[in-house]
Amino acid sequence: MVRTRFAPSPTGYMHVGNLRTALYTYLIARQNNGKFILRIEDTDQERYVEGAVDLIYRTMKETGMDWDEGPDIGGDYGPYIQSERRGIYLDYARELVEKGAAYYCFCDKERLDELKLIHSISKVPHKYDGHCRNLSKEEVAEKLAAGVPYVIRQKIPTEGVTTFTDLVYGEISVDNSELDDQILIKTDGLPTYNFANVVDDHLMKITHVVRGKEYLSSTPKYNLLYEAFGWEIPAYIHCAPVMKDAHNKLSKRNGDASYEDLIEKGYLKDAVLNYIALLGWAPKSEREIFTLEELIREFDISGISKSPAIFDTEKLAWLNGEYIKALPEETFMEMALPYIRQSVRRTDIDMRALAALLQGRVQVLGEIPEMVDFLDALPAYDIDLYTHKKMKTNPENSLESLKAVLPVLENLQDWTQEQIHTALFELIARLDVKNGLILWPLRTALSGKQFTPGGGVELAYLLGKEETLARIRQGIEKLS
RNA sequence: GGCCCGAUGGUCAAGAGGUUAAGACACCGCCCUUUCACGGCGGUAUCACGGGUUCGAUUCCCGUUCGGGUCACCA
């Protein structure tokens, strides 16, 4: 039975890299009919952020990554919040001491700092010097009885090589002499992440550990722990980071977009998830658009990339546009409405027609207010806008066109798109000119913009007869 | 600095000892068109460098360079 876990620290927000790790972890569990577990790693009280746990729940639920065991729903291997497990680690650490794979260390902070200083001055890699490594049982008992503060350290073999296999990076070997006697239990009696992680993963029967590549170099130490306990080592899947550019990781600290930020900007959750899946993983086929269900089927660990991937907003935007186009009209209208309202106060506009125009050309919902603001009020514009080489228009012939259009529209009874279209094309036929010569100036006069969500006919319809005529008159005045 | 990992177009990336080195985004051009967009068609552009191994390496090996990670009583 495959069991995977997503184990975030509640330190604030869901950044994109985190979300991707969660996704891959989720996918691996689901495609193997395994279990997906959510565990909160809050052993560091210093960094705990209020509300962060809720944010994790909310994001996971919103994106559809449901978990089978977790703090809120329980499970057979709880508790699922590390701070609630505080009682269990010390015994395991003592077991390791018994087995000779760990030891009590009574070195105080001063001595350690001094050691670190010496190492840094002499440019030697910093490692604990093993001062307490070989204390006798009696010495240890004495200090313990005297209440001297202590930590428990892992006793790394002085010789040999530790080798393990990562499903992404392959076989990796490290000399044990490179490894530090890391602290397992802190002075406060709580485990370090390094220790809690190993114990919890084992107790929760985790079979596949998916995590960031930054843990790759501490993995040998974990494996030594597993071996000392006689526990089975899980499969490892280390993921290269998501980057902002060639040198910097994507992070909130740099002001980079988090999941919530992207949603707020008007990206669809499915599109974000889909894009993130593609960042650092390549499907077998050439398809790129997948629902979560489809990702479960298509995902394959062998497609995970070894090198970091730069987050590309342009491609996300494109993908988002594809998702928007695929939306049912009704759904899109509901989504678009709040954005339209941000800049359009008028209530007499045919929102259905407007939404239909928008759906085909919006990539990110956040673009909408700026696209439609002209409906409320004609922006100030330069008459250069009337010049278009392909349409062969210029301010002079535009003036003529608008003058010709005005009476035609004034006499129009039914203000429907069909009627407007018919009337204008009759005019075009009567004058024997190119469509653009009439329609380009019209669109410009109606919008004052270079780009609009529709052509002259659509805009006239949306604006209504009165406003349309008023804007044409304004255009005529401006060009005269 | 020690150790670990990585390197295919601007970006995401497939690929394999012999290929015209896929595809997508972006970019450019053309077509369509009532602008932009959409759609259709086409195009520019990539194997970091140097040595090997081999009949043949972008692919395998070794170095170099560059990049990333790690070296906490943080996770």
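How many residues lie between β5 and β6 in their hairpin? In this predicted model, three residues separate the two strands of the hairpin. Strand β5 takes in residues 161-166 and strand β6 residues 170-175, and the two run antiparallel, paired over six bridges. Within that ladder, F164 has I172 of β6 as its bridge partner.

Strand β6 also turns up at the RNA, as one of the elements that give two or more residues to the surface near RNA strand B. Helices α4 (109-121), α6 (193-203) and α11 (313-326) are on that list too, along with α16 (417-431), α17 (435-447), α18 (456-463) and the short run β11 (309-310). Around RNA strand B there are 60 residues, and S9, K186, T187, E288 and R361 come nearest. On the RNA side, sugar and phosphate make up 69% of the strand B atoms that come within 4 Å of the protein. The protein side of this surface is a mix of 22 nonpolar, 20 polar and 18 charged residues.

A few polar approaches to RNA strand B can be picked out. K213 places a polar side-chain atom 3.3 Å from a sugar or linking oxygen. The bases are reached by backbone atoms: a backbone N or O of G454 sits 2.7 Å from a base oxygen, and a polar backbone atom of Q450 is 3.4 Å from a base oxygen.

Then there is R39, in the loop between β2 (35-38) and α2 (52-62). R39 counts as buried because its relative accessibility is 0%. Its side chain makes a polar contact of 2.8 Å with that of E41. Beyond its sequence neighbours within four places, R39 is in contact with residues including R5, F6, Y80, N197, D200 and D201.

Conventions: Residues numbered from 1 in each chain as written. Chains lettered and ligands numbered in written order. Predicted model: local features only at pLDDT ≥ 70, side-chain atom pairs only at ≥ 80, totals over all residues. Heavy atoms only, no water. Helix = DSSP H or I, 4+ residues; strand = E, 2+ residues; numbered from the N terminus. Buried < 20%, exposed > 50% of the residue type's maximum accessible area, 1.4 Å probe, protein only. Polar contact = N/O pair within 3.5 Å; in protein donor to acceptor, adjacent residues only side chain to side chain. Contact = heavy atoms within 4.5 Å. Pairing = 2+ DSSP bridges. Near = heavy atom within 4 Å. Nonpolar A, V, L, I, M, F, W, Y, C, P; charged D, E, K, R; others polar.
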